[in-house]
Amino acid sequence: MATPTQHHKRRRLSPLLHDLADELLFVILDRVAADDPRALKSFALASRACHAAEARHRRLLRAFRADLLPAALARYSAVSRLDLSLCPRVTDAALAALSTAPSVSAVDLSRSRGFGAAGLAALVAACPNLTDLDLSNGLDFTDAGAAEVAKARRLQRLSLSRCKQLTDMGLGCIAVGCPDLRELSLKWCIGVTHMGLDLLALKCKKLKILDLSYTMEEKIAVQIVKNCFPAIMKLQNLEVLILVGCNGIDDDALTSLDQECSKSLQVLDMSNSYNVTHVGVLSVVNAMPNLLELNLSYCCPVTPSMSSSFKMIHKLQTLKLDGCQFMADGLKSIGKSCVSLRELSLSKCSGVTDTDLSFAVSRLKNLLKLDITCCRKITDVSLAAITSSCPSLISLRMESCSLVSSVGLQLIGKRCSHLEELDLTDNDLDDEGLKALSGCRKLSSLKIGICLRISDEGLSHISKSCSDLREIDLYRCGGISDEGVTHIAQGCPMLESINLSYCTKLTDHSLRSLSKCIKLNTLEIRGCPMVSSAGLSEIATGCRLLSKLDIKKCFEINDLGMIFLSQFSHSLRQINLSYCSVSDIGLISLSSICGLQNMTIVHLAGVTPNGLIAALMVCGLRKVKLHEAFKSMVPLHMVKVVEARGCVFQWINKPYQVALQPCDLWKQQSQDLLVQ
């Protein structure tokens, strides 16, 4: 019961709120929410004036249940963005309820099902100011729905990714009805042909971003390229064009590009287009001199002539060549031709040697981001050249560079003090290397999984200097214990994500320490057999923003842990609890979390078919992974009911395997497999 003093404070607070202009009050609330998103709820409960102020301030409404939309919109009348992506089923009637929210300008229906053309008609009619609409993964989206979307004349951003029933007729309606479109995604719209795209290029002259990835089979793509590719490339305002996996684009199509090609294009992504060779690339650089970013990952071999052609793109800042084979001197030519580069990605490239890489980075003095993941031929020579030539690096990814020594890795911390992102997964990193890395005080992401030589001492150096760390990956770092995790938890209070999978020495003490990191949203402790429900309960009560949790093979976690999660972890979206000691009681408790989206429950010995059915009927899951043994136990009609609500079942047939391999043995087996 409130004391008289508390009532007095509330009465004093209300007049103060009335005296503040909304603009100033909203600035204050924005800052409060930035520090702790839960604080707004507490603010709204302080008084009626606070409740009303929070309602006026809210611009984004993220709903879990579509049937509660009318009540929510009645309270939050100033909402401009509506996110329904967490609602597995949204009916036409639910969309009609938007008539009470004319201020809504952005709606996200990605991954939602249950609505049709009638619902989209109601949505467009209710939101006259609609400018942003996401209908991605609309398996039931048809041309009839597209015709209704076309009535949103002010639409500027539209995503139709994976709307596989869309054809030229529906796209034509949108092209004619929405001439103000700036951004459009047609990724995986396999029903679209050259006729629809040709009309799009003719009618939507204001397009700035266009994604046509995987839009067609190769035979159809040839017709698209011949008939409408030139028209698309001539859109005068087009800045970003994404053509991932468009295998109908070949050298002939690119050779047809002429000087009339739009000079506004800044980003071109043709990754995974395996019919393009260095001849086609030469045509691209000739026709698009103002490119800032070019992605040719998993395309053709990189020859010296191809690399030399990049010098015609004077402003090129980002070059991605992941998975490409480098011919002799191909990488050297990049160093000579692309002196303005800020980002270079060479992940999983073959043919990258010390000589070529050292020469290239010696010329790329302005490089800020470098990815040399799985470039297995480079040694300390390359790393010495990188750290001496590019001291301003803010991102370095070099997973599985197995020939680089621990001494070489120390150069990173000694010379690249501006690093914000560092990936040294599966390298010869030791505690001395971590001590050197403590000089990188701006680190926000550190991935050092499968580094078997690091210990608690090394983590203590990181915790003392890298207080801004948001993400750390310690996957299979078998040498660390509770002491090291405690160092990180105490020294990095802004921590949001930590991976401790298969760190088998950890106990509940680690979870108790991490529970003080109130911003933690991702926790992976798979294969930590000594953690229990007691530790998980600390996480649940302390880390209220937890959204992703992996507790597979945490055998001591039982129903008690699930009950704590159901009571306190209302932000939980994804969980893997395979092999845990959870029964029907724990599973049903967990299903009460209304926002839970994905669940993996393979090999849960304590769960019965009846308990599983009860849990599935309560929660609004989008995806659930189950062992195939349950398939014959769950009535087919019950599966159909859950699927009709938007849930996808994935049946897994894996043998029961409890034993945990030591980290060093697991790594050796992985390396042997790689050699084979």
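Contact here means heavy atoms within 4.5 Å. By that criterion, and leaving aside residues up to four places away in sequence, Gln410 of this predicted model touches Glu432, Gly433 and Ala436. Gln410 belongs to helix α18 and, with a relative accessible area of 15%, is buried. Since buried means under 20% relative accessible area, the assignment of Gln410 follows from its 15%.

Helix α18, which spans residues 406-415, also helps to cover a neighbouring element: together with α16 (354-363) and β13 (369-371), it is included in what covers the buried residues of α17. In α17 itself (residues 380-389), the buried positions are Ser382, Leu383, Ala385, Ile386, Thr387 and Ser389. A helix has 3.6 residues a turn, so residues three or four places apart point the same way.

A group of parallel strands can be followed towards higher residue numbers. Strand β22 (residues 598-600) runs parallel to β23, and three bridges join the two. Within this pairing, Asn598 has Lys623 as its bridge partner in β23. From β22 the chain passes through helix α26 (residues 609-618) to reach β23, a β-α-β crossover that is right-handed. Strand β23 (residues 623-627) is in turn joined by five bridges to β24 (residues 648-652), again in parallel. Here Lys623 is partnered by Val648 of β24, while Leu626 is partnered by Trp651. Lys623 thus appears in both pairings, as the partner of Asn598 and of Val648. The connection between β23 and β24 includes helix α27 (residues 636-644), and the three elements make a right-handed β-α-β unit.

Turning to charged side chains, the whole structure contains 15 salt bridges. In one of them, Asp83 pairs with Arg62, with 3.2 Å between the closest N and O atoms. Asp83 sits in strand β2 (residues 81-83) and Arg62 in strand β1 (residues 60-62), so this pair ties together parts that are 21 residues apart in sequence. Asp83 is buried, at 10% relative accessibility, whereas Arg62 is partly exposed, at 45%.

Another salt bridge brings together the side chains of Lys206 and Asp180, at 2.9 Å from N to O. This pair links distant parts of the chain, 26 residues apart: Lys206 is in the loop between α10 (194-203) and β7, and Asp180 is in the loop between α9 (168-177) and β6 (183-185). Lys206 is partly exposed, with a relative accessible area of 36%, and Asp180 is partly exposed at 25%. In a further case, Glu538 and Arg512 form a salt bridge whose closest N and O atoms are 3.8 Å apart. This one connects helix α23 (residues 533-542), which holds Glu538, with helix α22 (residues 508-514), which holds Arg512. Glu538 has a relative accessible area of 27% and is partly exposed; Arg512 is partly exposed at 34%. Salt bridges with shared partners also join Glu54, Arg58 and Arg75 into one network.

Two tyrosines deserve a look at the backbone. Tyr214 has a positive phi of about 55°, although it is not a glycine, and lies in the loop between β7 (209-211) and α11 (218-233). Tyr298 also has a positive phi of about 55°, and its place is the loop between β10 (293-295) and α14 (304-309). Tyr214 is partly exposed at 25% relative accessible area, and Tyr298 is partly exposed at 39%.

Finally, Leu24, Ile28 and Val32 make a nonpolar surface patch of about 220 Å². Val32 is found in helix α2 (residues 22-35).

Technical notes:
Residues are numbered from 1 along each chain as its sequence is written. This is a predicted model: local features need pLDDT of at least 70, side-chain atom pairs count only at pLDDT 80 or more; totals for chains, interfaces and linings use all residues. Side-chain values use heavy atoms; hydrogens and water are left out. Patches are made of residues with over 30% relative accessible area and no salt bridge: like charges are joined within 9 Å, nonpolar side chains (Val, Leu, Ile, Met, Phe, Trp, Tyr) within 5 Å. Accessible areas come from the Shrake-Rupley method with a 1.4 Å probe; for residues, only the protein chains shown count as cover. A salt bridge is a side-chain nitrogen of Lys or Arg within 4 Å of a carboxyl oxygen of Asp or Glu. Helices (H or I, at least four residues) and strands (E, at least two) are DSSP runs, numbered from the N terminus. Two strands pair if DSSP finds at least two bridges between them. A crossover is right-handed if, with the strands pointing away from the viewer, the path from the first strand over the helix to the second runs clockwise. Buried means under 20% relative accessible area, exposed over 50%, partly exposed in between (1.4 Å probe, protein chains only).
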